[in-house]
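Me: Please examine the structure shown here with me, one question at a time.

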Amino acid sequence: MKDKVDSSRPPDKTMTPLTQSPAWQALQAHRSTLSKQPVYDLFRQDAQRFEQFSLHFDDLLVDFSKQPVTRETLALLLTLARQQDMENWITRLFHGARVNNTEDRAALHIALRSKEPVMLEGENVTLKVNAVLDQMAAFTDKIRSGDHKGYDGQPITDIVNIGIGGSDLGPCMVTEALKPYQSSGIRPHFVSNIDGTQLYETLQPLNPATTLFVIASKTFTTQETLTNAHSARNWFLAQGAQEQDIARHFVAVSTNRAAVAHFGIDPGNMFEFWDWVGGRYSLWSAIGLPIALAIGMDHFRALLAGANAMDQHFLNTPLEKNIPVMLGLIAVWQINFLGVTSHAVLPYDQYLHRFPAYLQQLEMESNGKRIDRNGNAVDYATGTAVWGEPGTNGQHAFYQLLHQGTASISADFLAPCQSQHPIGNHHPLLLANCFAQTQALMCGKNEQEVRHELESSSVSAALREKLIPHKIHPGNHPVTTMLFRKLDPATLGMLIALYEHKVFVQSVIWNINPFDQWGVELGKQLAGKILPELEHDQFTAAYDGSTNGLINFYKRYR
């Protein structure tokens, strides 16, 4: 057995079992032969390439025909998946195995949207899930109907969710994505940043008598969330409310009943979730309460149903036709064999403007690991930087780098066939841009095409020769396109679950745990030590030179 590597040191050049394995080595050899063949040539060789390299599920089309893959590539990737025991890992995930090995927990977010019993160590956890969903439904109905009144008898008009990380990104993204399904009488707001500016700007226009606060913290000890929550409480009381009014205007999503009650929240308005629900996988749980309040419980259940449909596809579909599996394997191909270090998520739907930020946490917090499940340092990349903006805005910002930069970047394009708001020819123009960008990234523009284009213009011969190298686009960038009928709750649920499972597939290949996040904790610990330093005026020399200098500069100018 391979000796464990000192985790405080960077990985050395020793090859791990994965990179020494036959499946990995075969992909390395295949890469060198495929690199000589541009993707657009593959279309010329195979008139059926689009049909062969795209998959359908319900009204979702996933087209990966513009990826630099052949049938042999996919066969080798599937061999790698089977070598890494992919089907067994999927089964274990769905059956409550402790796949989160560093915290000795299951990762059963699939139970939050399951229509069938899900067992965890002999207990049907869907009974608990359904009980919380029923509690959410009853509370949501009271708020949305106006039966639940504020302290002066007016109905609630504004919901302020206070959380951070998974307690903010998921609910915020979904409420933005499903804005067409929101009740006009309820306005959702989200506060996550400990920077007081966000809380101040959120509260400024609100009426405390018609505002409901949702405090989302599993332990009810998260520093950023509790700091914001207490400041919101102080604002509420300073505006004329009384202590007893807190119970009507604050609810909690937590497991710490004593801390919730001490804050002044009615324990009957505490919504529970469980340690087998990771933060970035929690929007399906009571963490989704602001979603339900904004769009109604029927639409929230449709969101869950869409995710469950993708769960069943992931669990029951053969690997070669399994959309999350294929996207996960193609991502491994991009990252580990093609040198991709950055992945752009480009939704051509303004309602999905927070989707890239949501996926940023999902992918980078899950798979940003340097130690495998056996405690050994890895010698391969385990993820990319994930980022993006909606089209067409991004086209006038960073697409230049995608087309002609030197970085190796992959991209997912997402677009609905139907607009929520069909104004004039806006939507055809939007989709024309989407399709054109995917074509341009694949095909590029070679010297011959540039020369012909310039020769047909009035540009002088001398200027033409200067311009030619600047106008060449290399193309051959790895692109996947996802089209769906319309961005409704079920479709959004399906898309989110697709990316959740894609991340899990990658983790299985890389033999890492995607359900812990120890890297998040170090900064929090150090902040706790530094905070007392900022509460007095004496200069410090207790830290490294840079940190001392920053603290002392702050003290000089605060």
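Me: What sign of phi does Gly-444 take just after α18, and at about what value?
Reply: In this predicted model, Gly-444 comes just after α18. Its phi is positive, at about 65°.

Me: What distance should the 18 residues of helix α18 span, and how far apart are its end C-alpha atoms?
Reply: Helix α18 covers residues 426-443. At 1.5 Å a residue, its 18 residues should span 26 Å, which agrees with the distance between its end C-alpha atoms, 26 Å.

Me: Within what arc do the buried residues of α18 fall, seen down its axis?
Reply: The buried residues of α18 are His-427, Leu-430, Leu-431, Cys-434, Gln-437, Thr-438, Leu-441 and Met-442. An α-helix has 3.6 residues a turn, so residues three or four places apart point the same way. The buried residues of α18 line one face of the helix, because seen down the axis they fall within an arc of 130°.

Me: Which exposed residues does the face of α18 turned away from its buried side carry?
Reply: The cover over the buried residues of α18 includes α3 (39-45), α17 (399-404), β12 (409-416) and β13 (479-484). The face turned away from that buried side carries the exposed residues Pro-428 and Leu-429.

Me: Which helix gives the most to the largest nonpolar core?
Reply: The largest nonpolar core has 118 residues, and Met-136, Trp-276, Phe-355 and Leu-492 have the most contacts inside it. With 13 residues, the helix that gives the most to this core is α21 (residues 489-510).

Me: Which residues does the second, separate core include?
Reply: This core has 22 residues. Among them are Leu-203, Ile-215, Trp-235 and Ile-246.

Notes: Residues numbered from 1 in each chain as written. Predicted model: local features only at pLDDT ≥ 70, side-chain atom pairs only at ≥ 80, totals over all residues. Heavy atoms only, no water. Helix = DSSP H or I, 4+ residues; strand = E, 2+ residues; numbered from the N terminus. Expected span 1.5 Å × (residues − 1). Buried < 20%, exposed > 50% of the residue type's maximum accessible area, 1.4 Å probe, protein only. Arc of directions from axis to C-beta. Contact = heavy atoms within 4.5 Å. Core = buried A, V, L, I, M, F, W, Y, C linked by side-chain atoms within 4.5 Å.
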